[in-house]
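Today's notebook page is about aromatic rings and what sits around them. I wanted to see how they pair up and where.

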Amino acid sequence: PGSRVEDFDRDGGVPRARVHLPSRVGGFGIRRHTGPAGGDSAYVGMLCLTLPQLLDANIQGASDVESRGFLNTLQPLLGAGSFDDSRRADRFDGFLRSGIPEARAFDDAWTRMRDAVVSLTSSFGGPAAQSVESGPLSRPAAAAGTRLSDRNQVVEYAKVQHALTSQVESAAAEAIHRRVGQMDPSNASRVSFACADRLSTQLSSSWPLHEVRFRNDEYDEAMATSLGLPSPAIRAGGHDGRALPAVGSLPRVLDAYGRQLLTHPRLVNIEGLRTRWHDDCQQVVHSTLQEAGFQPSMEVFGLFASIVPVNARLQVSSRFNQQHSQRHIVPDIVYSDPRCGGARRLLEVKTLGHTVAEHTAAALAQVGTRGAPRIRPVDRRAAKVGPEYVDHARTIDTALYTAGVPPPPAGAMGPAEQRLRSYDRIQPLVFGHLACGSDDVHKLADVAGGAIARWTWQAAGAQTLPLSRAAQVRRVYRLWGLTAARARARASLAALAYVAGGQIRSGDIRTLQDASLQRHQRATSLAYRLAAGPAVVSLPLLSRG
């Protein structure tokens with residue numbers, strides 16, 4: 001939606017190929033109904049499942065017939081005893097020799113699947129292949145649906161269609177990885193493919209949720225960003241190449257993908273656009289933790305007020321505010337983890353726009369080989385959150401010592417750092433430009449989904465707890481993934497409105513930023529007063545950076 005047909009054929013057809021790949025390998029999970037991974041595998045899998053049920057067969061070498069067929073009149077066509085255990089290696093030989101249209105279609109489908117795997121394996125610099133060396137397609141058509149066990153015995157696949165589809169799709173995924181690895185590191189298709197994860201693919205692989213409704217323009221923008229296609233909104237308005245306010249060496253024009261909309265310093269904080277993106281992600285995490293029974297608290301002020309003596313609070317607060325007016329830190333969420341005996345944890349939610357350094361040099365260094373370790377931008381950003389908290393705590397300790405609080409012995413931690421480390425851990429949740437999530441996002445989604453299942457599986461009528469858990473984890477992923485994609489699309493579209501037509505000048509943007517900052521400072525000051533008590537003007541110990 002919102003993109004042109006030719007957009008899907010750019011970059012060697014990578015966007016179109018991704019649409020048809022399963023989501024587990026970075027695709028969109030919209031499988032074809034025809035072709036090797038679609039109709040061919042379904043047809044072969046169906047015959048592998050049904051034909052052995054039509055004739056009597058000797059099972060496990062028994063002398064008597066143990067498996068009764070439903071249509072033994074087909075023995076002249078399929079071959080008597082074709083599906084005995086001793087005939088597994090050529091069980092479809094009689095069927096293929098019959099020459100009937102169904103048999104020819106079976107043989108053609110098997111050949112097309114084998115040829116597709118050979119072609120994909122050899123494409124884009126892959127190893128030259130003349131035949132399929134492993135997997136279900138390494139067997140001849142007469143032995144379709146079987147494999148050699150570790151003891152060199154012929155055994156049947158439990159799910160033939162799944163095995164065939166997986167082999168074809170794995171070969172396609174390997175080919176795309178090699179193709180993407182040959183692209184320029186800044187290529188949008190390469191960036192989107194490299195950063196894809198289970199969270200970002202929810203936009204295409206999930207059914208709609210009433211909790212997360214998209215406007216048409218939001219959905220178009222989110223889908224185009226996920227596939228690395230040009231922004232439909234920028235194209236429709238003719239804003240590609242639109243001038244941006246000059247800031248240092250940053251690009252001075254808007255590109256076709258809108259990547260500067262949430263990274264340009266003169267745009268990112270207009271009327272709290274990026275804050276809205278952050279707050280949407282924060283709210284959906286908080287509501288999920290509430291449902292899981294983790295007792296979360298959001299935007300917690302005053303957690304560290306008790307470490308400051310009453311007679312020093314005014315002096316510390318005043319001095320810290322004068323020197324560090326922009327360094328207030330408050331944890332986004334504090335919750336209890338039942339797995340650790342109710343230990344309290346701090347959650348810090350971050351959003352990461354498209355930055356050249358993070359999304360090209362680091363994130364894409366390992367792309368080109370499927371399964372190779374990747375250093376994703378969201379994980380690099382998440383790794384910085386803990387040290388940032390510790391640095392802030394040490395800055396607060398310095399302010400305390402200056403106000404007359406006795407310093408600890410040499411080498412010991414100060415009171416603010418001790419209080420910070422008394423919490424079980426600081427958990428960074430980073431939501432990226434492509435609606436992907438850092439490692440802790442995935443871990444928390446899994447834990448929260450499991451906790452919800454434990455509370456609800458019997459009342460929901462689930463057959464077992466593991467089945468309910470899998471369903472709840474999928475629901476959490478859908479909710480978080482769709483919310484992150486919509487929030488980023490909304491922020492981008494809102495930022496685009498300010499640069500459309502060149503109506504917003506640098507001075508106008510600065511005025512909007514200052515007004516937004518003043519409102520935020522007033523709200524923060526009031527929250528500190530309420531949290532720390534009437535004796536304290538403001539004690540900014542922990543807040544978002």
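**Aromatic pairs and charges over rings**

I started with burial: Phe-294 and Tyr-335 are both buried. Note to self, this is a predicted model.

Next I looked at how those two rings sit. Phe-294 and Tyr-335 make a stacked aromatic pair, with 5.8 Å from centre to centre and 15° between the planes. Stacked fits, because the cut-off is planes under 30 degrees apart. I then checked where the partners are: Phe-294 is in the loop between α11 (273-292) and β3 (297-298), while Tyr-335 belongs to strand β4 (residues 333-337), so this pair ties together parts 41 residues apart in sequence.

Then I ran the search over the whole structure, and 5 aromatic pairs came back. I picked out Phe-92 and Phe-106: ring centres 5.3 Å apart and planes at 50°, so I logged the pair as tilted. Phe-92 sits in the loop between α3 (75-78) and α4 (93-97) and Phe-106 in helix α5 (residues 101-122), so the contact ties together parts 14 residues apart in sequence.

Are these two buried or exposed? Phe-92 comes out buried at 0% relative accessibility, and Phe-106 is buried with a relative accessible area of 0%.

I followed the ring pairs outward from there. They link Phe-92 and Phe-106 with Phe-83 and Phe-95 into a cluster.

Last, I looked for charges over ring faces. Arg-147 lies over the face of Tyr-157, 5.8 Å from the ring centre. I also found Arg-198 over the face of Tyr-477, at 4.1 Å from the ring centre.

Methods: Residues numbered from 1 in each chain as written. Predicted model: local features only at pLDDT ≥ 70, side-chain atom pairs only at ≥ 80, totals over all residues. Heavy atoms only, no water. Phe/Tyr/Trp six-rings, centres within 6.5 Å; stacked < 30°, edge-to-face > 60°. Helix = DSSP H or I, 4+ residues; strand = E, 2+ residues; numbered from the N terminus. Buried < 20%, exposed > 50% of the residue type's maximum accessible area, 1.4 Å probe, protein only. Lys NZ or Arg CZ within 6 Å of the ring centre and 35° of its normal.
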